[in-house]
Amino acid sequence: MGIKILGTGSYLPEKVLTNDDLSKIVDTNDEWISQRVGVKERHVSETETAADFAIEASRRALEKSGITAQEIDLIVCATISSETLCPTVAGMVQAAIGASCPAFDVSSACSGFLFALDTAAAFIDRGGVRNALVIGSERLSKLVDWSDRSTCVIFGDGAGAAVIGKGDNYLAHLLYTSGGNEVIEIPSFGGSSPFYKNELKHPYIFMDGQETFKFAVKKIVDDVNAVLEMANLTIDDIAYIVPHQANIRIIDYAAKRLKISTDKIFVNIDKVGNTSAASVPIALSELCNSGKLKKGDKIIMCAFGGGLSSAACIIEW
């Protein structure tokens, strides 16, 4: 499958919520959150939607890519927190930027952006699509139980986007799903049908922290090793790993098991928290803007989350 990344962009809402701010609304403190999760602050929306985030991140990615909206042949957005199921976030982006192409959303929680990227890559590979816009956008603040300190301290809002075109830089890719709702569940609106007899669940994120931790560390290590083998590379060939920003301890444990320096792992969880499907593209955009990447550098993007799902790929810059 042949693609290359032409440009990236990200967007975070203006309001910053610090750990000290959170301590005023839930029983927690900066030390507890910093040590257990690694988050110091996160951005939360006061008026904007997931579609608003996606539109701005997309405009920035297009500007960096040098590709116009009229040259985009496909838009795929990963999200679990759209304000509406229809229109989709991708459809809202298409209208806002002035593109004229198919646009649709995918849902695979925190792995969603890499699922969307692989989907867009397949369209390009089979022909008919030259350039695609791939987005991860989330307003998780609407899905969090703000009285539950085990979850509300983790998440944030934002979006990341990448413009991709045909190339030879997509060296390996892997998608994984193990269905079930025992470890992570994110209910949708239950509706008000007078005929539905099951008890309606509250519309908040549920997560078994211990099981999520074990799954996450194992999948990062297994998936990274798998794509390295697919590409006939070693970990020493990789310039940076861009992981889903879920928990700093997960990232540190995985780094130790992979025997890789933490200097080669891009981390921004302290500033943005866990933004689910937006996590990897936001981190990728920040890495691109840092000036650290050089032509020919190989990077691994990897993610894990609800579904249960995971994904990884190797991109040559």
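This text walks through helix packing, salt bridges and backbone features in a predicted model.

Start with helix H3, which spans residues 50–65. Its axis comes within 9 Å of the axis of H4, and the two cross at roughly 50°. H3 and H4 are therefore oblique to each other. Their crossing is right-handed. From H3, the contact uses Ala50, Ala51, Ala54, Ile55, Ser58, Arg59 and Leu62. From H4, Val89, Met92, Val93, Ala96 and Ile97 meet them. Ten of the residues in this contact of H3 with H4 are nonpolar, one is polar and one is charged.

Two alanines of H3 deserve a look. Ala50 sits in this helix and is buried, at 0% relative accessibility. Its C-alpha atom is separated by 5.6 Å from that of Ser82, although the two residues are 32 apart along the chain. Beyond its sequence neighbours up to four places away, Ala50 touches Thr79, Ser81, Ser82, Glu83, Val89, Ser137, Glu138 and Arg139. Ala61 also belongs to helix H3. Ala61 is buried too, again at 0% relative accessibility. Outside its neighbours within four places in sequence, Ala61 is in contact with Gly7, Thr8, Gly9, Ala161, Ala162 and Val163. Ser285 is 224 residues from Ala61 in sequence, yet their C-alpha atoms are 8.6 Å apart.

Glu83 and Arg139, both touched by Ala50, lead to the salt bridges. Side chains of opposite charge can pair when their charged atoms come close. With a cut-off of 4 Å between a side-chain nitrogen of Lys or Arg and a carboxyl oxygen of Asp or Glu, the count comes to ten salt bridges. In one of them, Glu83 pairs with Arg139, with the closest N and O atoms 2.9 Å apart. Glu83 lies in the loop between strand E4 (74–78) and helix H4 (89–97), and Arg139 in strand E6 (residues 131–139), so the pair ties together parts that are 56 residues apart in sequence. The partners differ in burial: Glu83 is partly exposed at 36% relative accessible area, whereas Arg139 is buried at 17%.

Lys298 and Glu316 form another salt bridge, where the closest N and O atoms are 3.9 Å apart. This pair links distant parts of the chain, with Lys298 in strand E12 (residues 298–305) and Glu316 in strand E13 (residues 309–316), 18 residues apart. Glu316 counts as partly exposed, at 27% relative accessibility. Salt bridges can also share partners: Glu83, Arg139 and Lys142 are joined this way into one network.

What separates Lys214 and Glu211 along their helix? Their side chains meet in a salt bridge, at 3.0 Å from N to O. Lys214 and Glu211 are three residues apart in helix H7 (residues 209–230), so about one helical turn separates them. Lys214 is partly exposed, at 46% relative accessibility. Glu211 is partly exposed as well, at 32%.

H7 also packs against helix H8 (residues 248–258). The angle is about 40°, and the axes are 9 Å apart. H7 and H8 are therefore oblique to each other. H7 passes H8 in a right-handed crossing. On the H7 side, Phe213, Ala216, Val217, Lys218, Ile220, Val221, Val224 and Asn225 take part. On the H8 side, they meet Arg249, Ile250, Tyr253, Ala254, Arg257 and Leu258. The residues of this contact divide into ten nonpolar, one polar and three charged.

Now turn to the backbone in the loops. The peptide bond from Cys86 to Pro87 is cis, with omega near 5°. Pro87 is in the loop between E4 and H4, where Glu83 also lies. Another cis peptide bond joins Gly307 and Leu308, with omega about -20°. Leu308 is placed in the loop between E12 and E13, the strands that hold Lys298 and Glu316.

Positive phi values also occur in residues other than glycine. Asn232 has phi near 60°. Asn232 lies in the loop between H7 and strand E11 (240–243). Ser276 has phi near 55°. Ser276 belongs to the loop between helix H9 (269–272) and helix H10 (279–290). Are these two buried or exposed? Asn232 is exposed, with a relative accessible area of 70%. Ser276 is buried, with a relative accessible area of 2%.

Notes. Residues are numbered from 1 along each chain as its sequence is written. This is a predicted model: local features need pLDDT of at least 70, side-chain atom pairs count only at pLDDT 80 or more; totals for chains, interfaces and linings use all residues. Side-chain values use heavy atoms; hydrogens and water are left out. Helices (H or I, at least four residues) and strands (E, at least two) are DSSP runs, numbered from the N terminus. Buried means under 20% relative accessible area, exposed over 50%, partly exposed in between (1.4 Å probe, protein chains only). Axes are lines fitted to C-alpha atoms, for helices over the stretch in contact, and angles run from 0 to 180 degrees between N-to-C directions. Angles under 35 degrees count as roughly parallel, over 145 as roughly antiparallel, 65 to 115 as roughly perpendicular and the rest as oblique. A crossing is left-handed if the near helix is turned anticlockwise from the far one by less than a right angle, and right-handed if clockwise. Contact means heavy atoms within 4.5 Å. Ala, Val, Leu, Ile, Met, Phe, Trp, Tyr, Cys and Pro count as nonpolar, Asp, Glu, Lys and Arg as charged, and the others, Gly among them, as polar.
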